[in-house]
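Got the viewer open? Let's take a walk through this one, stop by stop, with something to select at each.

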Amino acid sequence: MIYLDNAATSFPKPEPVYQALDRFARTALANPGRAGHRMAVQAEGTLDQGRHLLNQFFRGEAPQRWIFTLNGTDALNLAIKGLVQPGDHVVTSDLEHNSVSRPLRALERAGVITLTRLESEAGYLDPAAVAKALRPETRLVVLTHAANVLGTVQPIEAIARIVRQADSLLLVDAAQTAGVVPIDLKTTPIDLLAFPGHKALYAPTGVGALYVGPRARPRPWREGGTGGDSSSEVQPEEYPYFLEGGTPNVLGVAGLIAGIDWVNEQGQETLRRHEIALLTRVVDWVEAEGAAIGWRIAGRWDPETHVAPLSLVPPEGLSPSDLGGILDSSFDIAVRPGLHCAPYIHRRLGTFPDGTIRLSPGPFNTPDHIDALLKALTEITAGVV
Ligand SMILES: Cc1ncc(COP(=O)(O)O)c(C=O)c1O
């Protein structure tokens with residue numbers, strides 16, 4: 001199969017990730033515990049190693065500020081639900097994934113918060129619009145670093161400075177950028193950073209992380225065992241245990257460590273450039289041939305501020321879901337049709353409710369894969385339109 005759905009989850013993983021998972025599962029997959037037997041201590045050591053690596057990779061304040069979560073959704077919910085209080089105002093955008101939009105909308109509907117949803121322009125947010133939306137009661141600004149439908153990377157440095165100046169907290173959803181766009185927490189005033197491990201950090205599914213900077217103190221999302229001091233009646237106050245209850249996905253963290261090591265070896269910009277080179281073939285095809293038969297690109301294409309997802313709007317009469325099915329069953333090509341868990345941006349782009357065809361190449365795709373896709377799109381269009 002030609003897999004072009006890396007924005008959903010990366011596949012295949014780099015070989016060292018498979019090796020690390022196999023090795024760890026066979027030799028060290030104990031329940032991590034600081035006071036336990038040697039294998040438990042080894043598993044705990046893997047969690048520590050993972051936190052140190054994340055802290056180096058994103059240049060955070062301290063390893064213990066990295067909280068392991070189940071996925072991106074879990075990290076975002078922990079931050080959002082742990083921070084807002086009745087009467088707060090929250091700013092977000094129409095580019096967000098449902099893992100941001102749904103918890104915020106539910107809090108708004110329950111009368112807990114008021115919400116401002118900023119409108120993007122061709123897939124990009126204007127920092128001036130963020131500045132205008134901030135109020136004295138704005139506790140939190142929740143924005144994606146790159147739109148999962150369009151691949152457009154937002155001007156997060158400028159936005160972060162504006163939010164910090166207003167003394168609000170900034171939560172960044174880095175699901176589509178962690179591993180391809182360097183994020184430097186020392187120079188960019190981001191308070192909370194959430195991402196899954198299973199996309200461009202090449203971990204298996206089931207692990208993610210939330211960075212909690214010193215200005216934020218979310219309430220625990222779940223309380224329980226921490227593998228250490230069991231005498232306290234309530235969750236221990238110190239990080240990471242304050243925000244981590246229950247047996248963590250230590251196997252996933254072993255995979256995440258191998259994934260980040262691999263990304264470091266390749267270089268984030270090299271990985272992003274590879275994806276952009278592949279997408280450029282698609283953009284060139286749309287311009288040279290596709291547009292004439294009704295295809296267009298959603299959002300603005302700027303190779304300097306883009307990551308792998310690219311959405312194509314098919315010609316009228318050709319539904320994205322049918323196209324996705326035909327590509328899968330007749331051409332052995334995996335893409336993602338539909339709304340991509342992000343309905344607001346599709347409404348904004350006029351592609352609601354059918355959505356688009358989202359392509360997201362990864363490091364193991366080749367120009368031949370893209371050429372096979374473009375040939376398939378040409379053939380399908382010729383047969384139907
Ligand atoms: C921008 C964005 N945010 C959040 C998520 C949610 O991540 P997860 O599926 O790991 O919970 C995704 C996943 O597709 C995403 O693309």
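Start by selecting Pro12, which sits in the loop between β1 (2-3) and α1 (15-27). Show the backbone there as sticks and look at the link back to Phe11: the peptide bond joining Phe11 and Pro12 is cis, with omega at about -10°. Keep in mind as you go that this is a predicted model.

Now jump to the other cis bond on this tour. Select Phe352 and Pro353: a cis peptide bond joins them, and here omega is about 5°. Where does Pro353 lie? In the loop between α10 (343-349) and β13 (356-359).

One more backbone stop. Select Arg59, in the loop that runs between α2 (38-58) and β2 (66-69). Check the phi angle: Arg59 is not a glycine, yet its phi is positive, about 55°.

Time to zoom out. Color residues 2-373, the stretch that UniProt, in an unreviewed entry, labels "domain: Aminotransferase class V". Helix makes up 37% of that span and strand 15%. Put a distance between the C-alpha atoms of residues 2 and 373, and you should get 9 Å.

Next, the ligand. Select the ligand and turn on a pocket surface if your viewer has one: the space the ligand takes is the largest pocket. Then bring up the shell of residues around the ligand, 13 of them. What is the make-up of that shell in nonpolar, polar and charged residues? Two are nonpolar, nine are polar and two are charged.

From the shell, pick out Thr73, Asp173, Gln176, His198 and Lys199, the residues that come nearest to the ligand. Three of these are worth a distance label each:

- Asp173: an N or O atom of its side chain is 2.5 Å from a nitrogen atom of the ligand.
- Gln176: here the partner is an oxygen atom of the ligand, 2.8 Å from a side-chain N or O atom.
- Lys199: an oxygen atom of the ligand lies 2.5 Å from an N or O atom in this side chain.

With those labels on, switch to a surface view for the last stop. How much of the ligand's surface does the protein bury? Taken alone, the ligand exposes 390 Å², and the protein buries 88% of that.

Conventions: Residues are numbered from 1 along each chain as its sequence is written. This is a predicted model: local features need pLDDT of at least 70, side-chain atom pairs count only at pLDDT 80 or more; totals for chains, interfaces and linings use all residues. Side-chain values use heavy atoms; hydrogens and water are left out. UniProt positions are given in the numbering used here, feature names are shortened, and annotations may be inferred rather than shown by experiment. Helices (H or I, at least four residues) and strands (E, at least two) are DSSP runs, numbered from the N terminus. A residue is near a molecule or strand if one of its heavy atoms lies within 4 Å of it. A polar contact is a pair of N or O atoms within 3.5 Å; within protein, one must be able to donate a hydrogen and the other to accept it, and residues adjacent in sequence count only if both atoms are side-chain atoms. Accessible areas come from the Shrake-Rupley method with a 1.4 Å probe; for residues, only the protein chains shown count as cover. On a 1 Å grid over the protein atoms alone, a cavity is a set of points where a 1.4 Å probe fits but cannot get out, and a pocket is an open set with protein on both sides within 12 Å along at least five of seven lines; lining residues have an atom within 4 Å of a point. A molecule sits in a cavity or pocket if more than half of its atoms lie within 2 Å of its grid points. Ala, Val, Leu, Ile, Met, Phe, Trp, Tyr, Cys and Pro count as nonpolar, Asp, Glu, Lys and Arg as charged, and the others, Gly among them, as polar.
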